[in-house]
Structures are given as structure tokens and as C-alpha cells.
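Some notes on the strand arrangement and the aromatic contacts follow. Please read them with the structure open.

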Amino acid sequence: MNIHKFRSYLLEDNFSMNVLKNKVEIMNYIEISHFDNNKIKIKYDDGEITIKGDNLIISKLMNDSILISGDIFNIELR
């Protein structure tokens, strides 16, 4: 990876979401608007994400990223 791509990766400020097995990683969100073990709502610049499932937990929480784990059934973008 060249230095320009590396710097761009480190300073990325656009919203992004990665869906993994039983996990959702969200980068550059604004706020968590709802949280319980069956539903989590996350606001971002252009809307809101609703994640529904069972035993949902926030397993990583930082200023610009969040990792949600559990039995995920549905992800809605608004």
C-alpha cells in the first residue's frame, strides 16, 4: 500500500458499514439513537440504520466506529 492510500484509509470520514457473520461494523456514525438486546438504531449523515436480532450487544465502541454482535436477522437503511 502506498503512503497516499494509507493516509486516506486512516483519515477516512465517510460513512461505511461492513456486514460479517453475526457482526456489523459501522464507521463514521453520528449517534446511537436506540439500543436494546433486540434492536439497535444508529444515525449517520444520510439517514438511520436499524439492526434487528437477538442478543445484540455493542462489542466495540469508539468515537468513529461501532461493532455490533449477536444473532442478526435484519438490517434496514433509511
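1. In this predicted model, six strands make up an open sheet, ordered β1-β2-β6-β5-β4-β3, with antiparallel pairing. The edges are taken by β1 and β3 (31-35); each has a single partner strand, so one side of each is left without a neighbour in the sheet. From one strand to the next, the twist averages 40°.

2. At the β1 edge, β1 (residues 16-20) pairs with β2 (residues 23-27) in the antiparallel sense, over five bridges. One of the contacts in this pairing puts Met17 opposite Ile26 of β2 as its bridge partner. The two strands form a hairpin with two residues between them, and Asn22 in the turn has a positive phi of about 60°.

3. At the other edge strand, β3 is joined to β4 (residues 39-44) by four bridges, and the two run antiparallel. Here Glu31 has Lys43 in β4 as its bridge partner.

4. How many aromatic pairs does a search of the whole structure find? The search returns one. The pair consists of Phe15 and Tyr44 and is stacked, at 4.1 Å centre to centre with 15° between the planes. Phe15 lies in the loop between α1 (3-10) and β1, while Tyr44 belongs to strand β4, so the pair ties together parts that are 29 residues apart in sequence.

5. Are the two rings' residues buried or partly exposed? Tyr44 has a relative accessible area of 12% and is buried, because the cut-off for buried is under 20%. Phe15, at 26% relative accessibility, counts as partly exposed.

Technical notes. Residues are numbered from 1 along each chain as its sequence is written. This is a predicted model: local features need pLDDT of at least 70, side-chain atom pairs count only at pLDDT 80 or more; totals for chains, interfaces and linings use all residues. Side-chain values use heavy atoms; hydrogens and water are left out. Two strands pair if DSSP finds at least two bridges between them. Axes are lines fitted to C-alpha atoms, for helices over the stretch in contact, and angles run from 0 to 180 degrees between N-to-C directions. Rings of Phe, Tyr and Trp (its six-membered ring) pair if their centres lie within 6.5 Å; planes under 30 degrees apart count as stacked, over 60 as edge-to-face and the rest as tilted. Buried means under 20% relative accessible area, exposed over 50%, partly exposed in between (1.4 Å probe, protein chains only).
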